[in-house]
Every structure is written in structure tokens, then in C-alpha cells.
Amino acid sequence: MKSIFVSVVAASALFVAGCGGSKAPETAKEESAAPAAAAPAIDEANAATVTGKVSFTGDKPTMRNIDMSANPKCALAHAGAAQKSEEVVVNGNGTLKNVFVWIKAGVPDRQWPVPGTPVELAQKGCMYGPHVIGVQAGQDIKIVNDDPTNHNIHPLPKINQEWNESQPPNGDPKLKKFAREEVMIAVKCNVHPWMRSYIGVVNHPFFAVTGDDGTFSIKGLPPGKYTIEAWHEKYGTQDVEITVGAKESKTQDFDSAQMKSS
Amino acid sequence: MKNVWLHRYAVLWSFCTLFLVVAGGLVTSNDAGLSVPDWPLSYGKLMPPMEGNIFYEHGHRMVATTVGLLTIGMAIWLMRTERRRWLKNLGWISLAAVIAQGVLGGMTVLFMLPKPVSIGHACLAQLFFSTTVAIALFISESWQRGRQIVDDQGAPPLHWLALAASACVFLQLALGASARHQAIGILPHVLGALLATGMVLWVTVRVLMRHAGHDALRGSALALLSITFLQVFLGIAAYMSRLATADAPQPMPVMVGFTVAHVAVGALTLASSVVLAIQVFRHVRRPLAEVRYVGFTVPSR
């Protein structure tokens, strides 16, 4: 099938052959940024901390190998060992990686300062990295292409504005932001359909993503009662009510078996 | 002599259009629709690097360009050589359709796959392919040989059955496109399959039972019947393969293969139902009572 397709495509090229133009692809319109930050909002003297881990319970799933043969440049980046899907990554200590943990409700309604430092989302080896990131609404996301091939970055928000832009090899980094809170926004690359990332966009700085040890830490919380949520792309979410006092350090663990798909 | 070459050209045009349907199916099944974010250029060029899914999306555009040029050629050829005014008009209608199809395709890219546009793009593709097949039939040697009139007094009238079968097949294709673009679930498409298959069985068995000696009718009915059976099998296979590969990190070849074949044979099903309807209107004399209600016929020359 593919060889026939190649032949016809080659024949078709005769109709459109010629020098390529130099016009760059249209860029998606930037959304308006979140409201500017007001006065410093975190009372460090009384701030509480919530830490914990996300355990994995059940039979550890075997992630499938990704077939990158459609693009030899991608396949070459994984010549030693096939890249596996990152849908479920169980750490060596039985915890779950790539879980987005955030304060879903209870955070005082105020203008939380937006960090000036962008969060980086890289395309390397034809994979997005990190697989899951969190940003504040209005915070820049720096998207870089470290691969010798073209990518397109295509977030699929339901609340924020959707956009789709290409990024050539060694192209300039893109700075993008989302104006409104949205957990989670899937990000695809349609050139390489196995590439997928998730961005959690929240209105405040109280979020974290579990890493190689499956732990998280949310610092600077004002004393109060909160709903804290853990989100995982396959297992869904788990919400927990938690109350923290001034300067308190509290532990709140999650478990994949308690998560529910929405 | 010129009609022979015109007919060959029309057959080539139809084959290229079917290939275009296949190419479009490959784009959707490989999730390549937005791998080229700009339109009408691709990555700002006429020829982007054909890597990853860009191969499918830009390849689809190139095949579409070819079909567009072939359609222009067909419309002009018909205008210059054809005596039947309605056929000349059909050539221009097909050109308008392919232009509209190109615009719809561009809109799917620029507006990031709005479902109504994507579904419209899929449905118009099917209609356009049937139009190319119909035009190829109208300028074929068998069409030039004239009519072999037969009577059919059954109820409901065979003409209505043939039209209803085409309408049901088209409805089923629209439901399939809607399910494919996730505007609806799979259930309406499954129910539509029962309806469309039932209608196809009804009209083809009726033709084969009563007009088996008529070459054009028998051939059209057998083609429609066999293509429909194949299509039902491919539909089941496409659905099963989709379920079996649901947890795969990327579109898997088995799913892509069956799904694209299902799309292509869907186009063939509609085209063969249209051909059967045309043959019925051309060769089967309508009961007098029905003539009063059916206000059109397929011209013979």
C-alpha cells in the first residue's frame, strides 16, 4: 500500500513541483495573559507544607514499545533500546510517576504572583519531556525542539484556546501560555502520533508533579481547609479533603487504586 | 474514437479519486490531519520534508491537486466534445464539488478539525467519487449501445427501491464519518449498517430474481451485493481492530489498514448503488401509475 502511495505522491509532485516558498507557517494567536500579579501573596511565616507520595497498587502494566520507524530520525534516537510508552510509569519503589497533584479547592481567591521563569517542554528523541508539567495561568511555557526533525505542537484544551504550530529542527524556542485554569490539557504532535504530554494549568502556585520517587511537595500553603487532587492520565483522579494549620507540615498520600476515571 | 479516450480518461479519473479517498482515510486513521498546520502551503513550502505523518497529510494534498487538475481536464473535455448538455453540466458540477472539497479540506486544517467540516469533507468525498463513476458510465461504450427496456410491475417500484438503497448507503456513510470524527457514538453506525444492508439486499435480490437476463442490471446488482458484503466484513474488522489496539501508543497498522479499506469500500458501495439506480432508471420501464409521481428520468443520449 505504502509503495503505491509513494508512487502516486511522486507523480503528483510533478503538478506542484517548484521552489518552496519561504513563508513561515501562520502562528496561532496568543491568548491574553492572566491578570497581572498583585502584591506578594504567600505569607512565608505561616505557610504550611503538604508532602506525600502516590503509590501504585495492582499488577504493574507492561508498557508497549513505540514504533518510530515512520521517521528514521526518531528511530535513530532510540537505536539502542525501543522507547516505551509513558502512559504508566511505575517507579522502582512502587510509586507512580507523572501524577499531577494540585490544590483543587479552598485556595484564597487572590492574585497569586505568576513566576517569571518559564517551564520548559522539550521535544527530544521524538518524545515530549517532561511527560507531565504544571504551570500557573499566564506563566510562560518554553517549548524547544532538540530533534533533527519537524514537530508540531498541538494542545487540546477545552477551556483555553486551541492552537497548532510547527517547529522546525533547531528552530527558535516558542513561548506560550494559557490564560485560564484547566486540568489537564493534552498536548499532541500530529507528525508523530505517539508523542503526548499533559499540562496542568492552575491559578495559583500550589501544585506538583511526581517524579522518579513518586513523591510530591506543595509548599507555601496558607492555613486552611483544602481539596487536594491527584490526577493520572490512565487511572483518573483522587480527591482528598485536608486541613492544614500555620507552619504545619502534613503528609497526604494517594493510591492509584483509589483513583477514578472521569 | 474520441469517446474511447474520454472514457479511459474518466476511468483514470475515477481510480485517482478512489485513491484520493484512500489517502484521506490514511490521514484520519494515522491522526495526521493537523501534522501540517498551514494551508494551502505546507510548512510554508510546496514540498515540505515528507517525514512522519507529514507524508500522509501532504501526500493527500498532492493527490488532491492531481484529482483537481484531472477534474478541470474532464470538465473542459466534456465541454468541447460532449453533445449532451446535462452531461456537460455534470462535468462543471464535479469541478465545483472538487473545489468545494479543497476548501473544506483547508478549513479542517485552519480551524483544527471542526467536526461538521470534517464530516462534510468526508461525505462530499464520497459523493464526488460517485459522480466520477457516473460520468465514466455515461460516456462508456455500453451506454452508447442504447437501452434494453424491461418491465417491472412489482411493488414497491424498483426505481424507488434503487433510490432508497443509494440514500440509505449515503446516510450510512455520513453516520460512519460522524462516528469516525467522534461526533456520535458507534451505535447509530451499526444500526445504519443494518438498514443499508437490508435495503441493498432488497433491491439486489429483486433485480437478480426478476432481471437476471439483463446484463447491465445483473452486473450492477451483483457488484453492489458483493461490495456490500465485503464492506460489512471490513466494518466488523475495523471495529474489532480498533478495540484490540485501543491501548496502543499510536495508530497500529492493523487498525489503519482495515479502517482505510472500510472507507474506500464504502465509497465503492455508494458508487455501485448509484450505478445500479442509474441502470434501473435507464432500462426498467416504470409502471404507468408511478410515472405520474416520478418527475425525472436518466437521459439516454
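Chain B comes in two parts: domain 1 covers 1-145, and domain 2 covers 148-301. Keep in mind that this is a predicted model. Below is a quick tour of how those two domains meet, then a look at a helix in chain B and a sheet in chain A.

**How the two domains of chain B meet**

- Taken over C-alpha atoms, the centres of domain 1 and domain 2 of chain B are 21 Å apart.
- Each domain puts residues into the contact: 23 residues from domain 1 of chain B and 23 residues from domain 2 of chain B.
- On the domain 1 side, helix 1 (2-29) and helix 4 (115-138) of chain B each bring at least two residues to the face that touches domain 2.
- Helix 4 of chain B gives the largest share of that face, with 11 residues.
- As for chemistry, the domain 1 side of this contact in chain B splits into 12 nonpolar, 8 polar and 3 charged residues.

**Helix 9 of chain B**

- Helix 9 of chain B takes in residues 253-283, which makes 31 residues.
- From first C-alpha to last, helix 9 of chain B reaches 44 Å, close to the 45 Å expected at 1.5 Å a residue.
- Helix 9 of chain B is also mostly covered, with 27 of its 31 residues buried.

**A four-stranded sheet in chain A**

- Over in chain A, 4 strands make an open sheet, and reading across you get the order 12-2-14-15 with antiparallel pairing.
- Strand 12 (207-209) and strand 15 of chain A sit at the edges with a single partner strand each, so one side of each has no neighbour in the sheet.
- On average, neighbouring strands here are turned by 25° against each other, direction ignored.

**Who pairs with whom in that sheet**

- Strand 2 (residues 100-105) and strand 14 (residues 224-232) of chain A are antiparallel partners over 5 bridges.
- If you want to find that pairing on screen, look for A:Val101, which stands opposite A:Ala230 in strand 14, or for A:Ala105, whose bridge partner in strand 14 is A:Thr227.
- Strand 14 of chain A also runs antiparallel to strand 15 (residues 236-244) of chain A, and 9 bridges join the two.
- A handy marker for this second pairing is A:Lys225, whose bridge partner in strand 15 is A:Thr243.
- Strands 14 and 15 of chain A are linked by a hairpin, with 3 residues making the connection.

Technical notes
Residues numbered from 1 in each chain as written. Chains lettered and ligands numbered in written order. Predicted model: local features only at pLDDT ≥ 70, side-chain atom pairs only at ≥ 80, totals over all residues. Expected span 1.5 Å × (residues − 1). Buried ≥ 20, exposed ≤ 12 C-beta atoms within 10 Å, placed from the backbone. Pairing = 2+ DSSP bridges. Axes fitted to C-alpha atoms, helices over the stretch in contact; angles between N-to-C directions. Domains from an automatic or database assignment. Contact = placed C-beta atoms within 7 Å. Nonpolar A, V, L, I, M, F, W, Y, C, P; charged D, E, K, R; others polar.
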